[in-house]
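Student: I would like a close look at one part of this model, namely its interior, with the ring contacts, enclosed spaces and strands that go with it. Please take it step by step and keep the argument connected.

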Amino acid sequence: MLAPCLLTLASFLLEAGAQMSSSFSRSLRRDGRCIYSFSVAGPAEDACSEPGEALAAVRELRSEREGQQRELAELANRLRLLESWMVRSQGQLSGQQGESLNLLRRLQELEQENRQLRAGHCPQAGRESQQGAQSLTGSSSRQRTQPDGRASSWRFEDRGFQELKSEITEIPASSLIQRSDPGGQDTAPHSSVGCGMLEWVGDPVTFQKADSILGKYGVWMKDPEPVPHHTRDTIWRINTVGTDVRLLYEYNDLDQFVKGHPSKVYVLPEPVESTGSVIYRGSLYYQKRKSRSLLRYEMKTETILVRKDLTNAGYQGVYPYSWGGYTDIDFAVDEMGLWVTYSTHQAQGAIVISKLDPKTLQMEQTWTTTIRRRSVANSFMICGILYTLNSYSNRHAIINFAYNTNTNTSKVMNIPFENRYRYNCMTDYNPAEKKILAWDNFNMVMYDIRLSKL
């Protein structure tokens with residue numbers, strides 16, 4: 001009778017324990033009696049979560065924490081991007097402000113110079129005599145402006161003061177290269193009567209950019225003394241990258257050159273070496289590849305008229321300019337005629353200057369300077385004076401040295417020269433227009449200059 005009751009009690013307790021989070025156990029004592037134990041959770045313990053529920057809550061918290069960490073990481077990346085953008089913007093703004101300040105200072109200088117000129121006082125009048133100053137003042141009343149309102153042209157028959165007008169205007173590209181009048185007088189605003197020492201070089205003006213790697217280096221030229229059917233407006237160009245450079249491109253005028261439309265292409269009989277070529281009196285003068293041979297190629301007949309070895313001259317990188325490029329031999333043209341610069345073992349790498357007969361390429365006279373060819377980036381001749389450039393890659397380079405073949409004297413110079421595109425491989429002077437032509441890292445550029453009176 002007792003056993004069934006106990007079984008009923010045990011069943012009840014187990015069922016109640018399942019509903020009330022309670023536990024039931026039984027054990028046998030040593031005397032053979034059974035002990036039944038039943039425990040029920042109190043109100044506080046019953047409010048606690050089961051282990052499975054706690055684990056789920058922990059996992060949920062961990063997931064939320066990982067999500068928050070990802071959001072913080074994304075926010076940090078956005079902050080870094082914003083910070084870098086602000087730094088770049090500040091740098092660009094500073095650069096633009098610096099250029100604006102430089103332009104403002106330049107305009108102020110031009111305005112001051114213009115006021116001095118209008119008052120009849122040349123900025124460098126201290127070197128002129130009192131009589132010369134009176135002559136300058138007197139002619140200023142005769143030379144004001146042209147009927148179209150532009151600054152008056154230079155008149156070489158009148159050596160007195162002629163007004164300079166500084167202003168900023170938009171003009172066609174073809175007007176940037178000054179043309180000569182029928183009398184052969186150059187009308188460029190920075191030209192000087194006759195010859196003189198180089199005083200100033202303007203900012204570069206870009207006319208063309210090569211569209212392939214073949215134009216990384218090159219030479220572009222104009223003929224200061226053209227022969228029919230060419231004119232002073234005709235332009236020639238050679239891309240000098242390659243192992244067999246033979247193409248000479250001809251353009252009728254500046255507009256065709258800017259558009260990249262050649263009127264004729266010459267195929268040279270011998271390949272060209274580097275960027276030292278010039279065009280003078282209807283002929284292309286250049287160095288034959290892998291040799292010290294000088295060639296005169298006449299464009300009218302499309303034949304090589306003269307071949308001449310430049311005795312003892314280094315070539316193929318023995319005495320090049322500092323930028324390399326096999327620039328051991330470099331032709332030049334100025335008011336005095338045709339020149340070639342190079343070096344020899346006897347000169348120990350110093351620049352040697354030779355005046356050439358343009359018809360026969362015979363040497364007329366030779367000078368040896370004291371400046372090492374490898375220490376300069378390029379050179380050019382003006383009025384029988386050799387000028388050298390100190391760097392081909394520094395944007396703010398200088399013309400640092402001059403050697404005067406007329407007096408056999410040298411002079412240290414400090415004339416600013418801008419390599420805008422940071423790789424100037426060719427620098428030549430055009431005596432007809434009083435301008436410097438250069439090839440700067442695919443870009444064909446031109447500089448105005450000013451000469452002093454000798």
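Tutor: A sensible place to begin is Tyr 387, which counts as buried because its relative accessible area is 0%, well inside the cut-off of under 20% that the term requires. Please keep in mind throughout that this is a predicted model. The ring of Tyr 387 forms an aromatic pair with that of Phe 380, and the pair is stacked, with 5.7 Å from centre to centre and 25 degrees between the planes. Phe 380 falls under the cut-off as well, so at 2% relative accessibility it is also classed as buried. This contact belongs to a wider set, since the count of aromatic pairs comes to 12. Elsewhere, Phe 207, Trp 220, Tyr 251 and Phe 257 form one aromatic cluster.

From the rings we can turn to the space that the atoms leave empty. Rolling a probe the size of a water molecule over the atoms is what shows where such space remains. In this model, three cavities of 30 Å³ or more are found, and the largest of them holds about 120 Å³ of space. Its lining consists of 14 residues, and those nearest the centre are Met 221, Lys 222, Val 278, Asp 428 and Tyr 429. Three elements, β5 (218-221), β9 (278-280) and β21 (424-430), each give two or more residues to that lining, with β21 contributing the most, four residues. Sorted by class, the lining has 10 nonpolar residues, alongside two polar and two charged ones.

The second largest cavity contains about 50 Å³ of space, and here too β21 supplies the largest share of the lining, again four residues. Its lining is made up of Thr 275, Gly 276, Tyr 321, Thr 327, Asp 330, Asn 378, Cys 425, Met 426, Thr 427 and Asp 428. By class, the lining of this second cavity has three nonpolar, five polar and two charged residues. Asp 428 deserves attention, as it is among the residues nearest the centre of the largest cavity and is also listed in the lining of the second largest.

Another residue of that second lining, Asp 330, leads us to the strand β13, where Asp 330, Ala 332 and Asp 334 on one side and Phe 331 and Val 333 on the other are all buried, leaving both faces covered. Put as a count, five of the five residues of β13 are buried. The strand takes part in an open sheet of four strands, ordered β13-β14-β15-β16 with antiparallel pairing, in which β13 (330-334) and β16 (363-372) are the edge strands, each pairing on one side only. From one strand of this sheet to the next, the twist averages 25 degrees.

As for how such pairing arises, strands of a sheet are held to one another through backbone hydrogen bonds, in either a parallel or an antiparallel arrangement. Here β13 and β14 run antiparallel and are joined by five bridges, with Asp 334 having Gly 337 in β14 as its bridge partner; the two strands form a hairpin with two residues between them. Moving one strand further, β14 (residues 337-342) pairs with β15 (residues 350-356) over five bridges, once more in the antiparallel sense, and Thr 341 stands opposite Ile 353 in β15. On the other flank of β13, the loop that connects it with β12 (303-309) contains Gly 314, which counts as buried because its relative accessibility is 7%. The C-alpha atom of Gly 314 is separated by 7.2 Å from that of Arg 292, although the two are 22 residues apart along the chain.

Lastly, β5, which we met in the lining of the largest cavity, belongs to another open sheet of four strands, in the order β5-β6-β7-β8 and with antiparallel pairing. Its edge strands are β5 and β8 (264-267), each of which pairs on one side only, and the twist in this sheet averages 20 degrees from one strand to the next. Within it, β7 (residues 247-251) and β8 pair over four bridges, and Leu 248 has Tyr 266 in β8 as its bridge partner.

Technical notes. Residues numbered from 1 in each chain as written. Predicted model: local features only at pLDDT ≥ 70, side-chain atom pairs only at ≥ 80, totals over all residues. Heavy atoms only, no water. 1 Å grid on protein atoms, 1.4 Å probe; cavity = no way out; pocket = protein on both sides within 12 Å on 5 of 7 lines; lining within 4 Å. Points joined across faces, edges and corners; volume = space filled by probe spheres on them. Nonpolar A, V, L, I, M, F, W, Y, C, P; charged D, E, K, R; others polar. Pairing = 2+ DSSP bridges. Axes fitted to C-alpha atoms, helices over the stretch in contact; angles between N-to-C directions. Phe/Tyr/Trp six-rings, centres within 6.5 Å; stacked < 30°, edge-to-face > 60°. Buried < 20%, exposed > 50% of the residue type's maximum accessible area, 1.4 Å probe, protein only.
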